[in-house]
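User: I am a first-year student and would like to study a protein model by question and answer. Please guide me through the structure shown below.

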Amino acid sequence: MEPDPRFTLANERTFLTWLSTALALSAGGVAMAALPSDVFVPWIRTALAVVLVTLSALAAGMAYPRWRNIQRALRQQAPLPPPALAAVFGYGVAAVAVAALVLIVVSG
């Protein structure tokens, strides 16, 4: 059965949002890595960059499988699958933000 086009398009917008989130996380990681060596402790700066780029890879890598699973559920009129990595992204970005905030306060 063909799902309502509005749901298919909403699913597509969500897919694109995952990709734009991945791009933003990647840009944040690259920006963190590109900071001068006298800004923050180098190993912490590198760790934050690695976490951000890893989250970026996860978001990009999981975007299509999530789109496909939701599209399948819409076609079969089945329950939608839960967002398996939502907690990872929420807590991961929050941890990076808190660590960056602490570094900003301590170095300022």
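**Helices, contacts and loops**

Analyst: Asn 11 lies in helix H1. Please note that this is a predicted model. You may now put your questions.

User: Is Asn 11 buried or exposed?

Analyst: A residue counts as buried when its relative accessible area is under 20%. The relative accessible area of Asn 11 is 6%, so Asn 11 is buried.

User: Which residues does Asn 11 touch, not counting residues up to four places away in sequence?

Analyst: Contact requires heavy atoms within 4.5 Å. With residues up to four places away in sequence not counted, Asn 11 touches Trp 67, Ile 70 and Gln 71. Of the residues named here, Ile 70 and Gln 71 are among those buried in H2. The residues touched by Asn 11 are therefore Trp 67, Ile 70 and Gln 71.

User: What covers the buried residues of H1?

Analyst: The buried residues of H1 are Asn 11, Ala 22, Leu 25, Gly 29 and Met 32. What covers them includes H2 and H3.

User: What span is expected for H1 at 1.5 Å a residue?

Analyst: Helix H1 has 29 residues. The expected span is 1.5 Å times one less than the number of residues. From its first C-alpha to its last, H1 reaches 42 Å, which is close to the expected value of 42 Å.

User: At which residue does H2 bend?

Analyst: Helix H2 covers residues 42–76 and has 35 residues. Its reach from first C-alpha to last is 51 Å, close to the 51 Å expected at 1.5 Å a residue. The helix nevertheless bends by about 35°, and Pro 65 follows the bend within four residues. The bend of H2 is at Ala 63.

User: Are H1 and H2 roughly parallel or roughly antiparallel?

Analyst: The axes of H1 and H2 come within 7 Å and cross at roughly 170°. Angles over 145 degrees count as roughly antiparallel. The crossing angle therefore makes H1, relative to H2, roughly antiparallel.

User: How many residues of the contact of H1 with H2 are nonpolar?

Analyst: The residues of this contact divide into three classes. There are 2 charged residues and 7 polar ones. The number of nonpolar residues is 21.

User: Which residues does Ser 56 touch, not counting residues up to four places away in sequence?

Analyst: Ser 56 is found in helix H2. Its relative accessible area is 9%, so Ser 56 is buried. Two of the residues in contact with Ser 56, Ala 22 and Leu 25, are among the buried residues of H1. With residues up to four places away in sequence left out, Ser 56 touches Ala 22, Leu 25 and Ser 26.

User: What is the relative accessible area of Val 88?

Analyst: The place of Val 88 is in helix H3. Leaving aside neighbours within four places in sequence, Val 88 is in contact with Leu 55 and Leu 58. Val 88 and Leu 58 are 30 residues apart in sequence and 9.5 Å apart in space, C-alpha to C-alpha. Val 88 is partly exposed because its relative accessible area is 37%.

User: How far apart in space are Ala 99 and Ile 44, C-alpha to C-alpha?

Analyst: Ala 99 is found in helix H3. With 27% relative accessibility, Ala 99 counts as partly exposed. In sequence, Ala 99 and Ile 44 are 55 residues apart. In space, C-alpha to C-alpha, Ala 99 and Ile 44 are apart by 8.7 Å.

User: What is the phi of Phe 40?

Analyst: Phe 40 lies in the loop between H1 and H2. Phe 40 is buried, because its relative accessible area is 15%. Most residues other than glycine have a negative phi. Phe 40 is not a glycine, yet its phi is positive, about 65°.

User: Is Gln 77 buried or exposed?

Analyst: Gln 77 follows H2 and lies in the loop between H2 and H3. Although Gln 77 is a residue other than glycine, its phi is positive, near 50°. A residue counts as exposed when its relative accessible area is over 50%. The relative accessibility of Gln 77 is 57%, so Gln 77 counts as exposed.

Terms used: Residues are numbered from 1 along each chain as its sequence is written. This is a predicted model: local features need pLDDT of at least 70, side-chain atom pairs count only at pLDDT 80 or more; totals for chains, interfaces and linings use all residues. Side-chain values use heavy atoms; hydrogens and water are left out. Helices (H or I, at least four residues) and strands (E, at least two) are DSSP runs, numbered from the N terminus. The bend at a residue is the angle between axes fitted to the seven residues ending there and the seven starting there. Buried means under 20% relative accessible area, exposed over 50%, partly exposed in between (1.4 Å probe, protein chains only). Axes are lines fitted to C-alpha atoms, for helices over the stretch in contact, and angles run from 0 to 180 degrees between N-to-C directions. Angles under 35 degrees count as roughly parallel, over 145 as roughly antiparallel, 65 to 115 as roughly perpendicular and the rest as oblique. Ala, Val, Leu, Ile, Met, Phe, Trp, Tyr, Cys and Pro count as nonpolar, Asp, Glu, Lys and Arg as charged, and the others, Gly among them, as polar.
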